[in-house]
Amino acid sequence: MELFKEILPGVRETVCNASPTQIQALLNLMLEGRVISKEYHQTLLHERDRDDLARKISLTFVEKCAMQLNCQDAISTASARTRILSDNTMDPGILAGKSYLELLYGDVDLPVLYKQIAETDQPSDNIIDDQDNNPDVFYTVESDESGEKVCLCSDTGEAYDKIAALAEYLLKDQQEKPEEDLFGSLVSDETAAERPGGCTEAKKRRSCSDALEAKRRKVVHSPALCVINADSITIPLGCSPVSQSNFHVQFSVTTISPAGRPPKAFEPSETPNLGYCPLSMEDIQVILAFAPLAQHVDFPAGPDVADINTCPGEVEVDRRPETPPVHSEQADKLPDHAEAFCRRLKSHFRDACRFVPMEREVSLDHLYIESGMVQCPTESRNTGRSAELRPCDPREKGKATVERSQLFQLPWKNNSRTKIVLIFGKAGMGKSLLVQKICRDWSDGNLPEYDFIFRFDCRKLSLLLEDRYSLKHLLFELSDGFREGNDEVYKYILQCPEKALLVFDGFEELKDQDGFTACSDSPPYREPLGIGAILAAIFQKKVLNGCTLLLTARPKDKLHQYLSRMDAVLEVVGFSMQQAELFLTRYFEGSPCYGEAVDLIKNCPYLFSHCYNPDLCRFICETVCEMGDEELPSTLTSLFVKFLLQKLAHSAKKGAPQRHRNIAGLAQVAWSFGQNHQNALTSYQFPSTEVMEFALNYGLVVPFTFPENSSSGKQECGYVFSSFVVQNFLIALHLVLAKEIKDKILTKYLRLLTKSKKFLSSWDLVPRFLSGLLFLRESLSSSFHFGEEGDLDIEKMVTKKQKSLSKYIRKLKIRDFGPDKLLELLHCVHETGDQYLLKHLALEVRSDLSFLGFPLTPSNVYVLHSVLRRSTREFALDLRGSTINSEGLRQLVILKNVTSFRASLSDAVQLWRHLWEAQEGEQLQSAMEKFIVVPFKAKTMKDIDDLSALVHTQEQLSKSKVDSAGSNTRLIPAVTELRQLEFTLGPACSLKGLQKLVGLLVAFPALQHLDLDSPNENEIGDEGVTSLSSVLRQLTSLETLNLSRNKITDLGAEQLAKALPSLPSLKTLSLYNNSIGDAGAEHFAKILPEMASLRVLDIHCNKITAAGAQHLTNSLRKCPRIQSVALWNPTIPHRVLDYLRQLDSRIRLL
């Protein structure tokens, strides 16, 4: 134990200061040297706490040194008998069939044993085979005749190789060679060029292994010699072909005098003669240190010491002065070449991310609005490694909200390994703009923890034709940044991966994602790989381990297989209505139509409700700029048609038929590539040059460049649609105009009954545009679908598809639809503008509508409100967990035909306060009367806080007899009529929550059911039940009290028994699975006759014995109204229970 205390501080300091790559290298060598097992190796690799890791490594060292410490007496005895090795001889037969462990425990003098081993020419096979049983290395400090101290290493072949290989591995350049050894040409192109034909890394390892085997035989002949330099041993092993001698391991061995005397330090030895100095446990101090050495060191070679540059396995006598420690500021400072590259990269992002990607130049800093991000919990599935997103509970949303500045400060699963952050959201939510803002912030000096940012547009990566790349090529050639990185910068990134942030925008666009979630134990890659395979190596933390990955993606089914490997998963929820209004203000700021344009959009509520989506909001603004002060249409489809017709009208070069043919051709492109799950295309994939020029001239597609061939450096131009709105509209237009898509199969693209596998997650607007295009007004339809000259065939086809769609909607069983399908249908019908279909929906929609846990966007609320107000039927709405905003809730609640609604208590209280402050007395009274809260379930402290806010609101309203609007609103039905309350906070905060709840209970005069039983066991204990007992006398309407599974003892039972007789309406009392004993049973037996209303008593699974049961049975004779008593307890004998049941049939087991 003392040895463990001695070496732990040094090991802890080393482990805490070492990089993840160095720690992994150390553990790998310990595994290869059989110092630890494979299972323990995996355990240490996944150890998150550096302090615990240091303890486990130290314990391993202590275990390996235990044998040496057990041999101290034998060594001391041998040292007392002889000091000169040459004066002793030994029979060689003594060595036969014995291991070093057996010899060390034997009676043979240790110096004689050393000499005999040294004189043996060839070791026997038995000795070599038995080396696995020996300790790793035995160090004996001795004094020669001159009194100088030397360290004699008693080596055991393979055990010595373990330590030598460990030191050798730590010496080499941790970022240049190790990565290449593990991943071959994945890391660099040069490595692949140096290994033609069958020359693989395995050959190098075999040659190295052969060298070690030869050296093992040599070491068995003669003990290795370590002359102590000052007070430490420095082992600068750098003879491996892959070693660059950039690190060394320093083991410090110091003599510690007892009783607080000054320590006796070893002096440098002048002679190699061996001597003996017995060591005790207090004499050993081990220091592991990673310190940089000079790039080239000339080690002296003497007759007694082999050349370190050619012999991997011997220890060099180091007479050089100690290497001075490197100051931390020097270690943190960037090398000149890396700093220059960092400056150029920042300059690039500062220019490239200056403006928002749109037609007119608008500063990103001016227009960017911080949209909300919510951290989403994930939960593992029953099988496999996949996980699925669990919708964020709106009660936890305040805590889960994450600002952009906090994005890389989240609590990670493992700080020492690669961190992966996933940001997902529907199309148009502003993920790409967020990435642009992050790069811009970094270029301005923010995010100082990262020296490099590499941004990748996955749409571009999906167009790459080559299937073989290297990591270096990916970073410096395929990223959207400065592309002049050199080998020195690349080596620095490999050496310090924690300084790199890799951003993959549009992660779902990548191909070959199947290997991303492969097991981390899969073999390393050794050949040039495709983009997917390289990213898989990064994703699996096999390369650039320690870097940070930021992924943005649209929600797809395939996304779930990556969630278990994410450190954080966040959802972009878009703009609030206040943020959308701010965006409109900033967009039109400085334009001549500033005030009119903002009012124009806000006065069209349906279009304004879509402004929660940043991309849609920007599209609406661009349309208003294009149309001027013209009145906006009431649907998105009509808005886009007018916008496109306005653009086409500005062109005088092409005739109308040609323009419309170009539109149809571009729609065909959008459809074909959408079916292939591809959003980017190249120039040769357009049907004609005219179509490509048309799309570019009208801003429907935007170009970008990417390297087509890495060897030639030739640039290829690619294209993406300017917005997901444009792509969705063109896909819907193709469905309308394509003759091969018949009217009978057209309806499946509404995705109302079945979900088409060919539909992308970004096709949300396609069904709506499809419905709108088929029901365009006559003026727009004739000019857009058929051109100025018209096409009768197309007109007939469109009319036929329109009738088919109308017939399909009328036949739908709307009452069976879930919230997602119902809302999609409402959007589609609203886009048609057909009054008959709208009335049909109002009649067919079910009266009890539940949107429990389904997010209701502002546009969803608008179409739902539009249908409900047309109906003459009454509706009950369940809006809990819908994240509906206060204005949307108000619009639905004030409808006269909405008779009741359920929502989160916090949303309801917020609405009431808003109406109270707005002096809307009539709406306030209606909103309070319609709200249903029974039963109220308190699952978190937030629920208790909401309940407290409800009571506080009641108190505020009660202070005023008549509100400002003249309406009597003194009583809130949710307070005066609350009848059931369930408390399930669990053991963590149940006592705190109960103590807060106790002060609120008296505000609910109609409370009948109070349930404090929880599957997680609230464990309120005696303190909690005592607090509750103090207010029970005021709960005169209480009929059921459940205090089961709360660890109540006799003390709590006594306090509860005093309060129970004051409950005149109590019918059921449940106390099962507590710790109530005979004393508590006796207290209850005394008050049972006083409880005239009690009918059921459940007190089973406690600690009541036969004596307590007898007290209760005797009391039952005086309680004729009690119907049943559950009395089974493990401490009551069965024969006693049977006897009591014979006395009173109301006694039951459970």
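The following questions and answers go through a predicted model of one chain.

Trainee: How many helices and strands are in the chain?
Mentor: The chain has 1150 residues, and buried residues make up 54% of them. Its secondary structure comes to 47 helices and 29 strands.

Trainee: Among contacts between residues at least 6 apart in sequence, what share joins residues at least 24 apart?
Mentor: The count leaves out pairs that are less than 6 apart in sequence. Of the contacts in the chain that remain, the share joining residues at least 24 apart is 76%.

Trainee: Is helix H31 roughly parallel or roughly antiparallel to helix H34?
Mentor: Two packed helices are described by the angle between their axes and the distance between the axes. H31 (residues 766–774) and H34 (residues 819–832) have axes 7 Å apart, at an angle of about 30°. Angles under 35 degrees count as roughly parallel, so H31 and H34 are roughly parallel.

Trainee: Which residues of H34 meet H31?
Mentor: H31 passes H34 in a right-handed crossing. On the H31 side, the residues in contact are Pro-767, Arg-768, Ser-771 and Gly-772. Their partners in H34 are Glu-824, His-827, Cys-828, Glu-831 and Thr-832.

Trainee: By class, what residues has the contact of H31 with H34?
Mentor: The residues in contact include Ser-771 and Gly-772 in H31, and Glu-824 in H34. Gly counts as polar and Glu as charged. By class, the contact has two nonpolar, four polar and three charged residues.

Trainee: Asp-834 is found in the loop between H34 and H35; which residues is it in contact with, leaving aside neighbours within four places in sequence?
Mentor: Asp-834 is partly exposed, with a relative accessible area of 23%. Its C-alpha atom is 10.0 Å from that of Leu-776, which is 58 residues away along the chain. Once the sequence neighbours are set aside, the contacts of Asp-834 are Phe-775 and Val-829.

Trainee: Which residues does a cis peptide bond join?
Mentor: Most peptide bonds are trans. In the cis bond here, omega is about -10°. One partner lies in the loop between helix H39 (921–930) and strand E22 (936–938). The residues joined are Val-934 and Pro-935.

Trainee: Is Leu-447 buried or exposed?
Mentor: Leu-447 is found in the loop between helix H17 (431–443) and strand E12 (452–457), and has a positive phi of about 55° although it is not a glycine. Its relative accessibility is 16%. The cut-off is under 20%, so Leu-447 counts as buried.

Definitions and conventions:
Residues numbered from 1 in each chain as written. Predicted model: local features only at pLDDT ≥ 70, side-chain atom pairs only at ≥ 80, totals over all residues. Heavy atoms only, no water. Axes fitted to C-alpha atoms, helices over the stretch in contact; angles between N-to-C directions. Helix = DSSP H or I, 4+ residues; strand = E, 2+ residues; numbered from the N terminus. Parallel < 35°, antiparallel > 145°, perpendicular 65-115°, else oblique. Left-handed = near helix turned anticlockwise from the far one by under 90°. Contact = heavy atoms within 4.5 Å. Buried < 20%, exposed > 50% of the residue type's maximum accessible area, 1.4 Å probe, protein only.
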